[in-house]
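These notebook entries record what I looked up in one structure. I begin with a single side chain and then turn to the fold, the cores, one helix and the aromatic rings.

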Amino acid sequence: MKKNELLSDKLKTILHYLDEHYTENISLDQLAEHFFISKYYLSREFKKEFGTTVIQYVLAKRINNAKELLRYSNSSIEEIAHLCGIDDASYFNKVFRKMEGCTASEYRKRW
């Protein structure tokens, strides 16, 4: 197996890990340690492979999950933020607004 294929497989494994654990507190350092890879190398290669940074990927997963919860649950914004892995509701609102162009409560009202 070529080095590139091994790297690609490792990146897919990391992506799968992120899909499973995005609600947890994930840092680049933890990921690098968990997968025995330099965090700088991981950052660069992840962005090359998937066109986004690790952190942006995790935030997008969290916001997409939040959108589902906003639509289909009666949980408060704070609860939803927490369920998506963001403990600070104001940070959650800031990220949500940046990614969706509206606040979480505005988003909920549309549905």
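**Entry 1. Lys67**

Which residues does Lys67 touch, not counting residues up to four places away in sequence? The model is a predicted one, and I read every value below as computed from it. I found that Lys67 touches Phe96, Glu100 and Tyr107. I then looked up the location of Lys67, which is helix α4. Is Lys67 buried or exposed? Lys67 has a relative accessibility of 14%, so I entered this lysine as buried. Among its partners, Glu100 also makes a polar contact with Lys67: the two side chains are joined at 3.3 Å.

**Entry 2. Overall layout**

I next recorded the fold as a whole. The protein has 7 helices and 0 strands, and the order of elements from the N terminus is α-α-α-α-α-α-α. Along the principal axes, the C-alpha trace spans about 50 × 20 × 20 Å. Of the 111 residues, 38% count as buried. I also checked the contacts with a separation of 6 or more: 56% of them are between residues 24 or more positions apart.

As a check on distance across the model, I took Asp9 and Asp88. They are 79 residues apart in sequence, and their C-alpha atoms lie 34 Å apart in space. Asp9 itself belongs to helix α1. Its relative accessible area is 36%, so I noted Asp9 as partly exposed.

**Entry 3. Nonpolar cores**

Which members of the largest nonpolar core touch the most other members? The core has 16 residues, and the answer is Ile14, Leu18, Leu31, Phe35, Leu42 and Phe46. I traced the contributions by element: α1 (3–21), α3 (39–50) and α4 (54–72) each give two or more residues. The largest share, 6 residues, comes from α1. I also noted a second, separate core of 15 residues, which includes Ile77, Ala81, Cys84 and Ile86. For context, nonpolar side chains tend to be buried together in soluble globular proteins.

I then followed Phe46 through its contacts, leaving aside neighbours within four places in sequence. Phe46 is in contact with Leu11, Leu15 and Leu18, and also with Gly51, Thr52, Thr53, Val54 and Tyr57.

**Entry 4. Helix α3**

I examined α3 as a single element. It has 12 residues, and the distance from its first C-alpha to its last is 16 Å, close to the 16 Å expected at 1.5 Å a residue. Which residues of α3 are buried? I listed Leu42, Glu45 and Phe46. Their directions cover an arc of only 105 degrees around the axis, so these residues lie on the same side of α3. On the other side of the helix, Tyr40 and Lys48 are exposed. The pattern can be read against helix geometry: an α-helix has 3.6 residues a turn, so residues three or four places apart point the same way. The buried residues of α3 pack against α1, α2 (28–34) and α4.

I looked at both ends of the helix as well. The N-terminal end of α3 is capped by Ser38, which has a side-chain oxygen 3.2 Å from the backbone nitrogen of Tyr40. At the other end, α3 is followed by Gly51, which has a positive phi near 75 degrees.

**Entry 5. Aromatic rings and the loop between α2 and α3**

How many aromatic pairs does the structure hold? I recorded 5. In one of them, the ring centres of Tyr17 and Phe35 are 5.4 Å apart and the planes meet at 85 degrees, so I classed the pair as edge-to-face. This pair links distant parts of the chain, 18 residues apart: Tyr17 is in helix α1, and Phe35 is in the loop between α2 and α3. Both Tyr17 and Phe35 are buried. I also found one aromatic cluster formed by Phe46, Phe50 and Tyr57.

I closed with Phe36, which is found in the loop between α2 and α3. Is Phe36 buried or exposed? Its relative accessibility is 74%, so I entered Phe36 as exposed. I noted one further feature of its backbone: phi is positive, about 50 degrees, although Phe36 is not a glycine.

Conventions:
Residues are numbered from 1 along each chain as its sequence is written. This is a predicted model: local features need pLDDT of at least 70, side-chain atom pairs count only at pLDDT 80 or more; totals for chains, interfaces and linings use all residues. Side-chain values use heavy atoms; hydrogens and water are left out. A nonpolar core is a set of buried Ala, Val, Leu, Ile, Met, Phe, Trp, Tyr and Cys residues joined through side-chain atoms within 4.5 Å. Buried means under 20% relative accessible area, exposed over 50%, partly exposed in between (1.4 Å probe, protein chains only). Helices (H or I, at least four residues) and strands (E, at least two) are DSSP runs, numbered from the N terminus. Contact means heavy atoms within 4.5 Å. The expected span of a helix is 1.5 Å times one less than its number of residues. The arc is that of the directions from the helix axis to the C-beta atoms. A polar contact is a pair of N or O atoms within 3.5 Å; within protein, one must be able to donate a hydrogen and the other to accept it, and residues adjacent in sequence count only if both atoms are side-chain atoms. Rings of Phe, Tyr and Trp (its six-membered ring) pair if their centres lie within 6.5 Å; planes under 30 degrees apart count as stacked, over 60 as edge-to-face and the rest as tilted.
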